[in-house]
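Q: Please take a close look at a single part of this structure. I am new to it, so short sentences would help.

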Amino acid sequence: MSNDVEHAKRALRAELRERRQLLSEAQRADAAAAIARRLDALVDELGARSVSCFLSTTTEPGTREFVTAAVRRGIRVLLPITRADGLLDWAVATDDDEIAEGLYGLPEPTGEVLGPIAVNDVDLMIIPAAAVDRTGMRMGWGRGYFDKTIGSMEKCPPVYAVVYDSEILDSLPREVHDQPVTGVVTPTQTLILSPERR
């Protein structure tokens, strides 16, 4: 059973990755600007003073514009740093754009490293996803970092995944460890999918 789910996820991830690679630079730039506006509005709506967010790769829906603007607005932004043990460390974003290549080639901050529990104090988590379904179930890229983080938090804030519009699906294959998200932000909409996550 779980092998079938893993196989279905692997096939779907490959398809989604390929679709993302077909987007033009202009499409990516437009999407990033729209996502930045939507994330700004979400931060305001929730009254968030501290958020966690990921630094997007070149094919992911862009978050860097949002991170820079949020830091300049006085929002405390924590950025994830991947660890070999499957946990995430965090660093506070600055507006100097100092970024290094981390584990798996992911963009990561270079500031002072805070431990995994630093994220417990944020008012909002903004996380990556390959896709999200209409019940709020999120499918990541298979390493489980964000599922572990969300699953281990005593008091989890609202969690929003950032995806392209075509990556909101009717249903997704799921496993026991998969964690739902509160909602999703795309270039054209912000949706609440699972307001009562737990």
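A: What follows starts at one helix, moves through the strands around it and ends with the cysteines.

First, the ground rules. This is a predicted model, in which local features need pLDDT of at least 70 and side-chain atom pairs count only at pLDDT 80 or more, while totals for chains, interfaces and linings use all residues. Residues are numbered from 1 along each chain as its sequence is written, and side-chain values use heavy atoms, with hydrogens and water left out.

Helix H4 spans residues 145-152. Helices (H or I, at least four residues) and strands (E, at least two) are DSSP runs, numbered from the N terminus. In H4, Tyr145, Phe146, Asp147, Thr149 and Ile150 are buried. Buried means under 20% relative accessible area, exposed over 50%, and partly exposed in between (1.4 Å probe, protein chains only).

What do these buried residues pack against? Their partners are strands E2 (76-82), E3 (88-92), E6 (124-128), E8 (138-139) and E9 (159-162). Contact here means heavy atoms within 4.5 Å.

Take E9. Both of its faces are covered. Val159 and Ala161 are buried on one side, Tyr160 and Val162 on the other. E9 also pairs with E6, in the parallel sense, over four bridges. Two strands pair if DSSP finds at least two bridges between them. Isoleucine 126 stands opposite tyrosine 160 in E9. E9 is joined to strand E11 (residues 183-185) as well, by three bridges, and these two run parallel. There, valine 162 stands opposite valine 185 in E11.

Now E2 and E3. They pair in the antiparallel sense over five bridges. Proline 80 stands opposite tryptophan 90 in E3. The two strands form a hairpin, with five residues between them. In the turn, glycine 86 has a positive phi of about 90°. Four of the five residues of E3 are buried, so E3 is largely enclosed by the rest of the structure.

Last, the cysteines. A disulfide is a covalent bond between the sulfur atoms of two cysteines. Here it is counted as a pair of cysteine sulfur atoms within 2.5 Å. The count comes to zero disulfides. Why is cysteine 53 without a bond? The closest cysteine sulfur, in cysteine 156, is 15 Å from its own, too far for a bond. Cysteine 156 is in no disulfide either. Cysteine 53 counts as buried because its relative accessibility is 1%. Cysteine 156, at 18% relative accessibility, counts as buried too.
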